[in-house]
Amino acid sequence: MAEELLRLVHVIGATVLFGTGAGIAFFMVMAHRTGDPKLIAHVAGTVVIADAIFTATAVILQPITGYLLVQSIGWSLEEGWIALSLLLYVLTGVFWLPVVWIQVRLRDLARAASATDMPLPAAYHRLYRIWFACGFPAFFAVIGILWLMLNKPSIPLL
């Protein structure tokens, strides 16, 4: 029973990471395309909250439930698919952590532009391009992790 519950929580966490990430990206891109600082500020504010509540919680729970599953099932952390999953998880974090900070800055820059009835500043556009670029490796790393979890391929460690 404990193993089934761990699997469920782990799969829900993976789903939250993937779904929240994809949803955040979609809504941020759609808001950005309007060029409206007030709308962007509102959406970015919601995105920051969603990342704090959903993504951060899943980020914390995933390695915990993953480790407990490894222990419960009797797998080794040195199995290739698990080691590669962990590597991709770290890679995802390397891109996600700056994105969190950038989302806060985008929100604040859009709020300031909205409050003063000014257009979005150059700093906003520069940060948005970085935010957009960081999303791709993180997104594909999460897809890779999901594939590895589902298929558990035999991958020899060097």
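The following questions and answers examine how terms are applied to this predicted model.

Q: What makes the secondary structure of the protein chain helical throughout its listed elements?
A: The chain comes to four helices and zero strands. From the N terminus on, the elements run α-α-α-α.

Q: Why is Q103 called buried?
A: Buried means under 20% relative accessible area. Q103 has 2% relative accessibility, so this residue counts as buried. Q103 is found in helix α3, residues 80-115.

Q: What makes the pair Q103 and D51 a polar contact?
A: The limit for a pair of N or O atoms is 3.5 Å. The side chains of Q103 and D51 are joined at 2.8 Å, and this value therefore falls within the limit.

Q: Which residues does Q103 touch, not counting residues up to four places away in sequence?
A: Q103 touches I24, A44, V47, V48, D51 and W131.

Q: Why is T20 called buried?
A: T20 has 14% relative accessibility, which is under the 20% cut-off, so T20 counts as buried. T20 lies in helix α1. Leaving aside neighbours within four places in sequence, T20 is in contact with T15, A50, F54 and T55.

Q: Why is F26 called partly exposed?
A: Partly exposed covers the range between the buried limit of 20% and the exposed limit of 50%. The relative accessible area of F26 is 47%, so F26 is partly exposed.

Q: Why is the pair of F26 and F27 called edge-to-face?
A: Two rings pair if their centres lie within 6.5 Å, and planes over 60 degrees apart count as edge-to-face. The centres of F26 and F27 are 5.2 Å apart and their planes stand at 75°, so both conditions are met and the pair is edge-to-face. By the pairing rule, the count comes to eight aromatic pairs. Y124, Y128, W131, F132 and F136 form one aromatic cluster.

Q: What makes K152 a charge over the ring of W81?
A: The distance limit to the ring centre is 6 Å. The charged end of K152 sits over the ring of W81, 5.5 Å from its centre, and this distance is therefore within the limit.

Q: How do you know that the span of α1 agrees with what is expected?
A: At 1.5 Å a residue, the 33 residues of α1 should span 48 Å, and the end C-alpha atoms are 48 Å apart, so the two values agree. α3, with 36 residues, reaches 52 Å from its first C-alpha to its last, close to the expected 52 Å.

Q: Which residues of α1 are buried, and against which helices do they pack?
A: In α1, L6, H10, G13, A14, L17, T20, I24, M28, A31 and H32 are buried. The buried residues of α1 pack against α2, α3 and α4.

Q: Which residues touch the most other members of the largest nonpolar core?
A: Of its 21 residues, these are M28, I40, L106, L120, Y124 and W131. The elements giving two or more residues to this core are α1, α2, α3 and α4. Apart from this core lies another, of nine residues, among them W81, I145, L148 and M149. L106 is in contact with M28, Y124, L127, Y128 and W131, leaving aside neighbours within four places in sequence.

Methods
Residues numbered from 1 in each chain as written. Predicted model: local features only at pLDDT ≥ 70, side-chain atom pairs only at ≥ 80, totals over all residues. Heavy atoms only, no water. Buried < 20%, exposed > 50% of the residue type's maximum accessible area, 1.4 Å probe, protein only. Polar contact = N/O pair within 3.5 Å; in protein donor to acceptor, adjacent residues only side chain to side chain. Contact = heavy atoms within 4.5 Å. Core = buried A, V, L, I, M, F, W, Y, C linked by side-chain atoms within 4.5 Å. Phe/Tyr/Trp six-rings, centres within 6.5 Å; stacked < 30°, edge-to-face > 60°. Lys NZ or Arg CZ within 6 Å of the ring centre and 35° of its normal. Expected span 1.5 Å × (residues − 1).
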